[in-house]
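Me: I'd like to learn how to read a model like this one, feature by feature. Can we go through it together?
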Amino acid sequence: MDFFLSRYRHLTVLLIVITAQLLLIAYQVRTNKDIPLIRVWAVTAVTPVETGLELVRHYTWGFAEEYFVLLGVRSQNETLRKENGQLKIENNYLKNELATADRARALSVFEAHSPSKTVAARVIGNGTGANSKVVFVDRGSTSGVESGMAVVTPDGIVGKVVDAYPTASLVMEITDPTFAAGVISQKNRVHGTLKGEGHAECLVDYVQNEEPVEVGEWFYTSGDDRIFPRGFPVGRVAAVQNGKTFKQIYVTPSGMQGGGVEEVLIVLQGVHQEIPTGEVASPGYQILPLPAGAVSETPEGAPEPGTLGTDADRLRAIYKQVGEEEKHVYGVGAPGTKPPDFTKLPSIHGAPPPPVPKPKVETKESAPAENPADADQEGLGEDSTVVDPNSTPAVRPAPNGPDAAVKAPAKPPAKAPAKPPTKTSAPPNR
Amino acid sequence: MTEYTEHLLREAPRKDTASRLRFVWLVVIPLLAVLSQVYVPRFIPFLAYLELPLLITVHFALSRGTPISSLFYGMYIGLVQDSLSHQPIGMYGIVKTLVGYFAAQVSMRFDVQNPVVTFILSFFFYFFHQFFYWVLVRALLGESIAFDVQQTLTFGLLNAAVALPLFRILDKLKVSN
């Protein structure tokens, strides 16, 4: 025995170490328990450094980005000052408007209006392993996060918390091959199981070939898995084909668009919602119908909502209209000449300062019947996420399709109109 | 056997263990390697296939040439890597334990200072590491993950190419005893 141990000392140690680790794995797999001590040590050692690196990257990159943006803005402003002072004002205004389309604000709006209790978190790193689709977020058990909690964005579900440590949590994305969640289709209420495939699209399994599922149809969480509350958007069907027993339904996850996420919400206390029956502007944003008796605030001459693509387009049209009224030709006036009066511009969000231009008053009585989008919205039902039209910030649908949402202007109008300044615009391509 | 191959083969265990990494580096370098594996691919996804922890294990084993310390070092790095994954702890631990052991055994028979040998060994151990991990996941966890041979070979070459300058840098950190 001694001879054997001394002759094969290295091999003996190797076998002991391998056996010990095999036993460790067997224990974890058999009991379905983790070895928290080792993980907590490693995560506690690594994640603070990651958080620090992420902060440094965020601020240095953000600073550099702002620096270059400012450089561009400065040169652009100089050119504009030479050409026309008013164009500079327009440019600044446009920048402010566009800056409101900020991801973080969208997240906070969603958080404020979601009935579920959530906590915002930032992705700070990936998990190890080339095939794994797990990420670390900077919220842990000290923030109330626990294993098994759902992770979402305003656009859709992202994954679930698989481990919660004091300073960070490990989130398995829905594209991970071991991920599964209960889903239901919007149109025909077909139940299925969403499975990750390791790439951008996910598979909805266990749907009988006889069940009707269409391409383009939305899938929502069904709540069957006890992880995701019912009613969160999952994704749109990209392809459907019949399989041997079950359909092969491939879904493009709406929460993972662009390949990854940076900010997420962890659902601390989920509240089940009904599956929306009408079409939504963007997953998570419901389009509200006009309140009864509301007036359209569209100024006379200004383009009808939905005819122009973005706020910038609408603002440009308003400037153009004012310029035409005052017989001003843009780009012609020399520096020092009297500019047109832009102090009484109507708001593109439907709250014009009185009294010029004269608003075209329309009663809302005939609107629901005429506008199919509004008619859609009447069918939303009581379970839809209702946003108070007077709350700030309000979420409005984007007129250029279901994947965009535009928020209310950062500054309210100087003088509020007599009636609520609610303005809805149905997407033109509904 | 040619003169060149004789030169590559060593007749006795390597003697150049006089210079070694400081203890603090032995702890910090694997952590940095794992950290970079966790953090960098967020911005450069392609670098997810760079197995720095493996290369650190191979370098340690080749330069030390002592199987027992190498297998423990491999186990340490593997367990740290396991801790940051969602797999049971021990999967990477076992694989890197084996890599450390075999790399140390190989270092006794080859001139591991030779760049060609370093390149070939790094490539081989990358493939071994990926293949054995795949086997373990299938056998122990019952998960059917794909093993793309062509992709693994390609990334093995890339990792081997990275290993050459990396080993040079790590050699610079050594101090003479």
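Reply: Sure. Let's start with what pairing means: two strands count as paired if DSSP finds at least two bridges between them. Bear in mind that this is a predicted model.

Me: Which strands does β6(A) pair with through three bridges?

Reply: That partner is β9 (residues 218-221) of chain A, and the two run antiparallel. To see the register, find Val183(A), which stands opposite Thr221(A) in β9(A). β6 (residues 180-185) of chain A is also joined by five bridges to β7 (residues 191-195) of chain A, again antiparallel. For that pair, look at Ala180(A), whose bridge partner in β7(A) is Lys195(A).

Me: What should I know about side chains when I look along a strand?

Reply: In a regular strand the side chains alternate between the two faces of the sheet.

Me: How many residues sit between the strands in the hairpin of β6(A) and β7(A)?

Reply: Five, and among them is Arg189(A), with a positive phi near 55 degrees.

Me: Why would I stop at a positive phi?

Reply: Most residues other than glycine have a negative phi, so a positive one catches the eye. Arg189(A) is such a case, being a residue other than glycine with phi near 55 degrees. Its place is the loop between β6 and β7 of chain A.

Me: Is Arg189(A) buried or exposed, and why?

Reply: Exposed, because 11 other C-beta atoms lie within 10 Å, and the cut-off for exposed is 12 or fewer. Now try Tyr206(A), another residue other than glycine with a positive phi, near 60 degrees. Tyr206(A) is in the loop between β8 (202-205) and β9 of chain A. Tyr206(A) counts as partly exposed because it has 15 C-beta neighbours inside 10 Å.

Me: Which strands of chain A close into a barrel, and in what order?

Reply: Six of them, in the order β1-β2-β5-β4-β3-β12, with antiparallel pairing. Neighbouring strands of this sheet are turned by 45 degrees against each other on average, if you ignore direction. For one pair within the barrel, take β3 (residues 150-153) and β4 (residues 156-164) of chain A, which are antiparallel over four bridges. There, Val151(A) stands opposite Gly159(A) in β4(A).

Me: Let's move to chain B. How many helices and strands are there in chain B?

Reply: Seven helices and two strands. Along the sequence they come as α-β-α-α-α-α-α-α-β. Of the 177 residues in chain B, 41% are buried. For how the chain folds back on itself, take the contacts in chain B with a separation of 6 or more: 71% of them involve residues 24 or more positions apart.

Me: How can I check that a helix is regular in length?

Reply: Compare its end-to-end span with the rise of 1.5 Å a residue. The 17 residues of α2(B) should span 24 Å, and the end C-alpha atoms are 25 Å apart, which agrees. α6(B), with 27 residues, reaches 38 Å from its first C-alpha to its last, close to the expected 39 Å. After α6(B) comes Gly142(B), with a positive phi near 70 degrees.

Me: Which residues of these two helices are buried?

Reply: In α2(B), they include Pro30(B), Ala33(B) and Leu35(B). In α6(B), Leu121(B), Phe125(B) and Tyr133(B) are among them. The buried residues of α6(B) pack against α3 (52-64), α5 and α7 (149-172) of chain B.

Me: And what is the idea behind a nonpolar core?

Reply: In soluble globular proteins, nonpolar side chains tend to be buried together. Here the largest nonpolar core has 95 residues, and those touching the most other members include Val137(A), Phe219(A), Val58(B) and Ala103(B). α5(B) gives the most to this core, with 10 residues. Leaving aside neighbours within four places in sequence, Ala103(B) is in contact with residues including Val58(B), Leu62(B), Leu121(B) and Phe125(B).

Me: How many residues of chain B are in contact with chain A?

Reply: 33, and they meet 35 residues of chain A. On the chain B side, α2 (23-39), α4 (67-83), α5 (91-107) and α6 (115-141) each supply at least two residues. α4(B) gives the most, with eight residues. By class, that side of chain B has 23 nonpolar, eight polar and two charged residues.

Key:
Residues are numbered from 1 along each chain as its sequence is written. Chains are lettered from A and ligands numbered from 1 in the order in which they are written. This is a predicted model: local features need pLDDT of at least 70, side-chain atom pairs count only at pLDDT 80 or more; totals for chains, interfaces and linings use all residues. Two residues are in contact if their C-beta atoms, placed from the backbone, lie within 7 Å. Ala, Val, Leu, Ile, Met, Phe, Trp, Tyr, Cys and Pro count as nonpolar, Asp, Glu, Lys and Arg as charged, and the others, Gly among them, as polar. Axes are lines fitted to C-alpha atoms, for helices over the stretch in contact, and angles run from 0 to 180 degrees between N-to-C directions. The expected span of a helix is 1.5 Å times one less than its number of residues. A residue is buried if 20 or more other C-beta atoms lie within 10 Å of its own, exposed if 12 or fewer, and partly exposed in between; C-beta atoms are placed from the backbone. A nonpolar core is a set of buried Ala, Val, Leu, Ile, Met, Phe, Trp, Tyr and Cys residues joined through C-beta atoms within 7 Å.
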